[in-house]
Amino acid sequence: MVETLFFDLDNTLLDFNRAERAAIAKTLKSFHIVPEPSVLKRYSELNLAQWKLLEQLNVDIPAKEAAHTYETLLAQGHYFIDGAEELLETLYGQYRMYLVTNGTLSVQKGRLKSSGISRYFEGIFISEELGYNKPGREYFDCCFSRIPDFHKETAVIIGDSLTSDIQGGINAGIRTIWFNPSHEKTSEIIPDHEFDSLMKLPELLSHI
């Protein structure tokens with residue numbers, strides 16, 4: 001029996017990859033850099049700690065200024081994964097739902113405000129706010145401690161990342177459900193369950 005759901009945010013409910021591409025393109029344009037496909041592809045492979053690689057484009061822009069612009073733009077607007085709104089509406093009221101996400105506090109709060117999905121969750125746990133990251137055991141211990149009458153045996157985590165969500169669930173001692181729309185293969189981190197479309201989740205949950 002499942003009572004408590006822990007949902008990942010990025011690329012599980014909200015399309016982070018699409019938001020990232022849009023924010024990068026707008027950031028480059030703001031600095032008068034043409035966001036050509038090859039440039040966008042390159043930047044999509046970088047994390048925020050690597051903004052100094054703007055030097056590869058021979059652009060004389062302070063890395064902190066570029067990062068701030070990017071984060072500001074990333075926090076604006078949102079894109080849903082197909083079926084995310086319908087899924088949350090379907091599950092709302094049937095389960096205790098919480099959001100577990102790594103990321104910058106200002107960015108995640110901005111995207112949540114834009115999407116309007118906060119109302120579905122009894123709690124939202126953002127790594128920067130907690131001081132710990134998924135998949136660390138400390139992150140989940142902190143989340144669990146803030147949930148009244150919590151029981152691991154009736155909880156599951158749902159997310160797209162094997163290394164963050166699924167490994168995190170394993171570390172925390174709760175069951176795991178891997179959202180795998182691209183049908184990737186895994187041989188090291190093994191989820192308890194797997195599904196490829198958000199609207200398949202309600203039926204899966206009913207049979208666990």
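**Exercise 1. Name the elements and the handedness of the β-α-β unit that contains helix α8.**

Solution. Begin with the order of the elements: β4, helix α8 (residues 162-172) and β5 make up the unit, and it is right-handed. Keep in mind as you work that this is a predicted model. Its mean pLDDT is 83, with 71% of residues at 70 or more.

**Exercise 2. Work out which strands pair with β5, and decide whether β5 is largely enclosed or open.**

Solution. Step one: look at β4 (residues 155-159), which runs parallel to β5 and is joined to it by 4 bridges. Within this pairing, Ile158 has Ile177 of β5 as its bridge partner.

Step two: turn to β6 (residues 193-195), where 3 bridges make the link to β5, again with parallel strands. Here Phe179 is partnered by Phe195 of β6.

Step three: check burial. Of the 5 residues in β5 (residues 175-179), 4 are buried, so the rest of the structure largely encloses this strand.

**Exercise 3. Explain why Cys142 and Cys143 form no disulfide with each other.**

Solution. Start with the total, which is 0 disulfides in the structure. Next, take the distance: the cysteine sulfur closest to that of Cys142 belongs to Cys143, and at 6.1 Å it is too far away for a bond. The cut-off to compare with is 2.5 Å between sulfur atoms. Finally, look at accessibility: Cys142 is buried at a relative accessible area of 15%, and Cys143 is buried too, at 0%.

**Exercise 4. Examine the salt bridge between Asp165 and Lys134, and say which parts of the chain it ties together.**

Solution. First, the geometry: the N to O distance is 2.7 Å, to be set against a cut-off of 4 Å. Second, the location: Asp165 belongs to helix α8 and Lys134 to the loop between α6 and α7 (137-145), so the bridge ties together parts 31 residues apart in sequence. Third, the surroundings: Asp165 is buried with 1% relative accessible area, and Lys134 is buried at 6%. Last, follow the shared partners, and you will find Asp8, Lys134 and Asp165 joined by salt bridges into one network.

**Exercise 5. Find how far apart the closest N and O atoms are in the salt bridge of Lys109 with Glu129, and classify both residues by accessibility.**

Solution. The structure holds 8 salt bridges; in this one, the closest N and O atoms lie 3.9 Å apart. The bridge connects helix α5, home of Lys109, with helix α6 (residues 127-130), home of Glu129, and the two residues are 20 residues apart. For accessibility, Lys109 is partly exposed at 45%, and Glu129 is partly exposed at 44%.

Note on methods: Residues numbered from 1 in each chain as written. Predicted model: local features only at pLDDT ≥ 70, side-chain atom pairs only at ≥ 80, totals over all residues. Heavy atoms only, no water. Buried < 20%, exposed > 50% of the residue type's maximum accessible area, 1.4 Å probe, protein only. Pairing = 2+ DSSP bridges. Right-handed = clockwise from strand over helix to strand, strands pointing away. pLDDT = per-residue confidence, 0-100. Salt bridge = Lys/Arg side-chain N within 4 Å of Asp/Glu carboxyl O.
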